[in-house]
Amino acid sequence: MRSIPSMSSCKKLFEGMLMTWIDNFNEALCPLDACYYDLVFLDYHLDGRDTIDSLRRATRHEERNMPVIVLAETEDHLDDPEVIRQGAADYLCKQEMSVSMLKRSVRYAIERKKIEQRLLTLSHYDPLTGLANRNLFYLKLTDGIIQSLRGDKLLALFFLDLDHSKEINDTLGHPAGDRLLQDVSARLKETTRSSDTVARLGGDEFAIIATHINNETDVTLLAKKIISSFNEPFKFTGKQISTHTSVGIALCPTHGHDPDELLRHADLALYQAKAAGRNNFKFYASELDARAQEFRALEQEMRYALQHQDFTLHFQPMFSADGNKVLGVEALARGNHKVRGMISPVHFIPLAESSGLILPLGAQILEMACDQINLWRQLKLPELLIAVNLSPAQFADPELVEKIMETLQRKGVPSHLVELEITENTLMDTGPGATKRLTKLHDMGIRLAIDDFGTGYSSLSYLKKFPVHKLKIDRVFIKDITTDKGDATIARSIIQLGQAMNLEIIAEGVETEAQLEFLRKEGCDQVQGFLFAKPMTNKALIEWLPEYQAKTKHIGC
Ligand code: C2E
Ligand code: MG
Ligand code: MG
């Protein structure tokens with residue numbers, strides 16, 4: 001075994017510095033590995049070896065971070081750019097060397113190494129969490145794959161993202177969001193082995209590379225361990241914050257042999273895990289690939305459509321139950337696809353919800369609704385109420401109230417002309433916070449309706465606390481209202497409930513005279529459905545309104 005030279009073999013170089021001579025490169029490797037010295041002088045002609053090769057071996061090792069100064073007999077011997085390129089901190093010619101020059105060179109080489117180290121840290125580690133960053137992650141993944149392919153062990157790549165981290169940032173502010181990321185990083189470190197690499201790839205995206213794994217069962221165990229490490233809420237600044245994670249997994253060699261392929265597969269698996277409900281993990285599976293790819297493509301198309309304002313609104317009038325007055329219109333979003341034509345919201349709203357695009361889409365829809373109100377005003381049409389649907393993620397947005405207020409002010413639209421339709425389930429899922437948010441909107445003068453009423457399970461006591469103006473009976477009950485006793489009873493009860501609570505009641509999806517008859521008899525105030533009018537474009541609406549009015553009917557809220 002080679003040993004590190006004893007101090008007795010050291011000679012004094014100059015004040016505060018001892019020097020050891022080793023005249024055989026192979027013997028020098030051991031102390032080099034041990035990072036035993038502050039600085040290495042490498043003789044250009046040591047052993048008669050190829051100096052560049054020696055230099056490479058002395059400097060290109062992750063753990064060896066000692067600066068190397070190359071010494072040459074004469075200037076002619078040096079291939080100067082190559083020496084520096086291969087990692088030498090400096091080079092000196094023995095013939096021209098003086099003590100002061102040597103001292104300067106030593107000081108410079110040590111300083112330069114420190115700076116290099118600092119740069120390396122910056123380029124390999126995430127400053128916020130101290131975890132590996134994307135660069136180091138990629139290097140480790142490449143290394144891990146090579147090892148896995150050489151041996152018979154698996155490499156598992158886990159992709160994670162945090163559920164609801166944006167909401168946490170929005171509600172508690174960025175410092176708390178940063179603190180959460182740091183605490184999450186610490187937990188992930190605790191959950192994994194020291195030989196695993198935990199990396200933060202950006203935002204709330206983390207990745208873990210676990211190597212030397214025996215089988216898939218071990219991977220599953222680790223995935224479960226990762227997920228359950230989030231069970232305990234995070235505690236800081238006197239608050240408890242609950243967040244969970246979804247995990248996508250790709251294995252080498254099972255699911256891919258190169259870094260980019262594995263990355264893509266882990267990412268697709270993560271997408272699948274999120275789609276299957278959060279707090280979940282999924283292995284990459286090739287049959288899911290096609291579906292996930294299609295989802296991705298649709299998401300891309302949606303982003304494009306959002307940028308190019310390819311969404312439009314159709315408007316469906318809402319009538320008094322006698323059919324003699326149009327009280328307002330419901331704005332219903334439509335996608336305008338260059339190949340597939342008009343796309344129904346039942347296809348793109350859920351996709352927008354799961355991809356987070358619903359917030360910008362919802363904002364665009366509200367803007368378009370305001371633009372319509374202004375256009376109708378310019379055309380001197382009577383004032384019409386416009387009902388806009390809010391999706392669960394929009395209602396959960398902590399900035400919802402401010403965003404709506406800002407839009408209405410900017411567009412100069414009075415709040416009493418805007419009604420927000422929020423489904424019963426959204427209100428129930430939001431919990432006690434829903435009342436606060438509704439109260440703020442109510443106090444701004446915005447009208448509020450509970451959409452699809454009857455399908456959720458709102459308790460009466462809850463309902464009493466919601467400051468809403470209107471209940472909209474879900475069309476599933478209207479459909480068979482004249483034939484199905486159960487549906488008839490539900491519709492009747494909702495009408496009675498509304499009357500008792502002094503709320504307006506509207507029935508949606510009214511298609512037949514018989515349904516209308518039933519609703520009128522039971523005292524329902526308002527109706528909406530194909531029997532009266534289908535959703536129509538703005539152009540069609542502007543033509544339809546005067547025709548309707550000509551039949552001595554009324555328009556306006
Ligand atoms: P919703 O808010 O309950 O809208 C009523 C749906 O019933 C509309 O479908 C409308 O076209 C349809 N409808 C109206 N009258 C009748 C009828 O007599 N018979 C039948 N069979 N259907 C009728 P649409 O436009 O396809 O919208 C479906 C759902 O998509 C909406 O249900 C709403 O939940 C969502 N949605 C639509 N536009 C938006 C939007 O701008 N934002 C959000 N977040 N969701 C939207
Ligand atoms: Mg609606
Ligand atoms: Mg509805």
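**Getting to know ligand 1 and its two magnesium ions**

Trainee: Which residues come nearest to ligand 1?
Mentor: Gln316, Asn389, Arg475, Glu511 and Phe530 come nearest, out of 25 residues around ligand 1. A residue counts as near a molecule or strand if one of its heavy atoms lies within 4 Å of it.

Trainee: Before we go on, what should I know about the model itself?
Mentor: It is a predicted model, where local features need pLDDT of at least 70 and side-chain atom pairs count only at pLDDT 80 or more, while totals for chains, interfaces and linings use all residues. Residues are numbered from 1 along each chain as its sequence is written, chains are lettered from A and ligands numbered from 1 in the order in which they are written, and side-chain values use heavy atoms, with hydrogens and water left out.

Trainee: Back to the ligand, then. What lies 2.6 Å from an oxygen atom of ligand 1?
Mentor: That is an N or O atom in the side chain of Arg475. Glu508 also takes part, with a polar side-chain atom 3.2 Å from an oxygen atom of ligand 1. A nitrogen atom of the ligand, in turn, is 3.0 Å from a polar backbone atom of Ala333. A polar contact here is a pair of N or O atoms within 3.5 Å; within protein, one must be able to donate a hydrogen and the other to accept it, and residues adjacent in sequence count only if both atoms are side-chain atoms.

Trainee: And how much of ligand 1 does the protein cover?
Mentor: On its own, ligand 1 has 790 Å² of accessible area, and the protein covers 85% of that. Those areas come from the Shrake-Rupley method with a 1.4 Å probe; for residues, only the protein chains shown count as cover.

Trainee: Which element gives the largest share of the shell around ligand 1?
Mentor: Strand β14 does, with 4 residues. At least two shell residues each come from β14 (325-337), α11 (345-355), β16 and β18 (447-453). Helices (H or I, at least four residues) and strands (E, at least two) are DSSP runs, numbered from the N terminus.

Trainee: OK, the metals now. Which residues are the protein donors of the magnesium ion called ligand 2?
Mentor: Glu330 (OE), Asn389 (OD1), Glu421 (OE) and Asp451 (OD), lying 2.0 to 2.3 Å from the ion. Donors are N, O and S atoms within 2.8 Å of the metal (3.2 Å for Na, K and Ca); water is not among the atoms, so sites may look incomplete. Along the sequence these donor residues are spaced E-x58-N-x31-E-x29-D. Two of them link distant parts of the chain: Asn389 is in strand β16 (residues 385-390) and Glu421 in strand β17 (residues 418-423), 32 residues apart.

Trainee: Is Glu421 buried or exposed?
Mentor: Glu421 counts as buried because its relative accessibility is 2%. Asn389 is partly exposed, at 27%. Buried means under 20% relative accessible area, exposed over 50%, and partly exposed in between (1.4 Å probe, protein chains only).

Trainee: How far apart are ligand 3 and ligand 2?
Mentor: The two magnesium ions are 4.0 Å apart, and Asp451 coordinates both. For ligand 3, the donors are Asp451 (OD), Asp452 (OD) and two OE atoms of Glu508, at 2.1 to 2.5 Å. Their spacing along the chain is D-D-x55-E. Asp451 in strand β18 and Glu508, in the loop between β20 (504-507) and α20 (513-522), are 57 residues apart.

Trainee: Why does Glu508 count as buried?
Mentor: Because its relative accessibility is 9%. Asp451 is buried too, with a relative accessible area of 6%.

Trainee: What is unusual about the phi of Asp452?
Mentor: Asp452 has a positive phi of about 50° although it is not a glycine. Most residues other than glycine have a negative phi, and most peptide bonds are trans. Asp452 sits in strand β18 and is partly exposed, at 23%. Lys380 also has a positive phi, of about 60°. Lys380 is found in the loop between α12 (358-378) and β16, and it counts as exposed at 73% relative accessibility.

Trainee: Which residues does a cis peptide bond join?
Mentor: Cys252 and Pro253, with omega about 10°. Pro253 is in the loop between β11 (245-252) and α9 (259-275).
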